[in-house]
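The following exercises are to be worked with the sequence and the coordinates at hand. Each task is followed by a stepwise solution.

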Amino acid sequence: MRNDNKIKKSDKVIKSAVFGGLVGTVMGLLLAPKSGKELRQDLAEQTHKMGNIAVDIKDKAQSAWLNIEDKTHVTVDTGKNWIQKGKRLVSNLKILVYEIRHGALTKTGSNTASDDKDREDLTEEI
């Protein structure tokens, strides 16, 4: 929520700066002692420059957005991988606890069929 407010404020600042630049340019040209033809030519040139600046700002904003989007995907994928690793660790720990409780680690190969069946049931629960 906080970032949305910052983005909205920065959008307002950018729009205000562009609008102020346009108004200042137009006012400067209108108050300058030039002929109508020169004034129209100057207005066309300034409008063209402002259009180029607006396109540059748009391109930079799109590039920044794509960069943020890519980094977000990487972060989400990393988080998913960590969750999967955590699930596998918990699963291994459950099996280890089960084996400790049933003495599997102290036995010397005397596993019974019922112990194996119980262990399979535990792994299916996970």
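Helices (H or I, at least four residues) and strands (E, at least two) are DSSP runs, numbered from the N terminus. The model is a predicted one, in which local features need pLDDT of at least 70 and side-chain atom pairs count only at pLDDT 80 or more, while totals for chains, interfaces and linings use all residues. Residues are numbered from 1 along each chain as its sequence is written, and side-chain values use heavy atoms, with hydrogens and water left out.

**Exercise 1. Elements and confidence**

Task: State how many helices and strands the protein chain has, and where confidence is lowest and highest.

Solution.
1. The protein chain contains three helices and zero strands; read from the N terminus, the order is α-α-α.
2. Confidence is expressed as pLDDT, the predictor's value for each residue, from 0 to 100. Its mean over the protein chain is 80, and 77% of the residues reach 70 or more.
3. By element, the lowest mean, 57, belongs to helix α3 (residues 113-125), and the highest, 90, to α2.
4. Where pLDDT is low, the predicted coordinates should not be read in detail.

**Exercise 2. The span of α2**

Task: Compare the expected span of helix α2 (residues 36-101) with the distance between its end C-alpha atoms.

Solution.
1. The expected span is 1.5 Å times one less than the number of residues.
2. For the 66 residues of α2 this gives 98 Å.
3. The end C-alpha atoms lie 96 Å apart, which agrees with the expected span.
4. After α2 comes G103, which has a positive phi, near 70 degrees.

**Exercise 3. Burial**

Task: Determine what share of the protein chain is buried, and which residues of α2 are buried.

Solution.
1. Buried means under 20% relative accessible area, exposed over 50%, and partly exposed in between (1.4 Å probe, protein chains only).
2. Of the 126 residues in the protein chain, 10% are buried.
3. In α2, the buried residues are L39, D42, M50, S91, I95, Y98 and E99.
4. R40, also located in α2, is exposed because its relative accessible area is 57%.

**Exercise 4. A nonpolar patch and α1**

Task: Identify the residues that form a nonpolar patch on the surface, and place L30 relative to R40 and L43.

Solution.
1. A patch takes residues with over 30% relative accessible area and no salt bridge, joining like charges within 9 Å and nonpolar side chains (Val, Leu, Ile, Met, Phe, Trp, Tyr) within 5 Å.
2. The patch consists of F19, V23, V26, M27, L30 and L31, with about 590 Å² of accessible area together; such areas come from the Shrake-Rupley method with a 1.4 Å probe, and for residues only the protein chains shown count as cover.
3. V23 belongs to helix α1 (residues 2-31) and is partly exposed, at 36% relative accessibility. L30 is in α1 as well and is partly exposed, at 48%.
4. The C-alpha atom of L30 is 9.7 Å from that of R40, ten residues apart along the chain, and 9.1 Å from that of L43, 13 residues apart.

**Exercise 5. The salt bridge**

Task: Find which residue forms a salt bridge with K58.

Solution.
1. Side chains of opposite charge can pair when their charged atoms come close.
2. The criterion is a side-chain nitrogen of Lys or Arg within 4 Å of a carboxyl oxygen of Asp or Glu.
3. The structure holds one salt bridge: K58 pairs with D59, their closest N and O atoms being 3.3 Å apart.
4. D59 is partly exposed, at 36% relative accessibility, and K58 is partly exposed, at 43%.
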